[in-house]
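Reader: Could you walk me through some surface and backbone features of this model? I'd like to learn how to read them.

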Amino acid sequence: DEYYDNEKLIEELGDVNYMIELMHQYDLVSLTEINNQVNLKEKKLNDGLEATLKDVINEVKSSMLATV
């Protein structure tokens, strides 16, 4: 329940989204490259890794902490 309307989470996601937009604006990455990685991640999670929602949330939290 602490993930719904979580201002800190929303703020962090906004920061990440802005960084992606800046990187794209300066041609450091393409949206195609990013979408390819999103698709690979989705496939990895769907290909029998038996990832639960809790595992995914923990991975996101760990990634966010690593970039702070």
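Author: Happy to! Keep in mind that this is a predicted model. Let's begin with Leu28, which counts as exposed because its relative accessibility is 60%, and exposed means over 50%.

Reader: Where is Leu28 placed, and which patch does Leu28 help to make?

Author: Leu28 sits in the loop between H1 and helix H2 (31-46). Together with Met23 and Tyr26, Leu28 makes a nonpolar surface patch of about 360 Å².

Reader: Thanks! Which residues gather in a patch of negative charge?

Author: On the surface, Asp5, Glu7, Glu11 and Asp15 form that negative patch. Glu11 belongs to helix H1, which covers residues 7-25, while Asp5 is in the segment before H1.

Reader: Is Glu11 exposed or partly exposed?

Author: Glu11 counts as partly exposed because its relative accessibility is 45%, and that class runs between 20% and 50%. Asp5, at 71% relative accessibility, counts as exposed.

Reader: Now the backbone. How should I read the sign of phi?

Author: Most residues other than glycine have a negative phi. A positive value in such a residue is therefore worth a look.

Reader: Which residue in the loop between H1 and H2 has a positive phi?

Author: That is Asp27: its phi is positive, about 55 degrees, although Asp27 is not a glycine. Asp27 lies in the loop between H1 and H2 and is exposed, with a relative accessible area of 68%.

Reader: And what is the phi of Asp5?

Author: Asp5 has a positive phi, near 55 degrees. So Asp5 brings two of our topics together: Asp5 is part of the negative patch and counts as exposed at 71% relative accessibility.

Methods: Residues are numbered from 1 along each chain as its sequence is written. This is a predicted model: local features need pLDDT of at least 70, side-chain atom pairs count only at pLDDT 80 or more; totals for chains, interfaces and linings use all residues. Side-chain values use heavy atoms; hydrogens and water are left out. Patches are made of residues with over 30% relative accessible area and no salt bridge: like charges are joined within 9 Å, nonpolar side chains (Val, Leu, Ile, Met, Phe, Trp, Tyr) within 5 Å. Accessible areas come from the Shrake-Rupley method with a 1.4 Å probe; for residues, only the protein chains shown count as cover. A salt bridge is a side-chain nitrogen of Lys or Arg within 4 Å of a carboxyl oxygen of Asp or Glu. Lys and Arg count as positive and Asp and Glu as negative; His and the chain ends are not counted. The place of a charge is taken as NZ of Lys, CZ of Arg, CG of Asp or CD of Glu. Helices (H or I, at least four residues) and strands (E, at least two) are DSSP runs, numbered from the N terminus. Buried means under 20% relative accessible area, exposed over 50%, partly exposed in between (1.4 Å probe, protein chains only).
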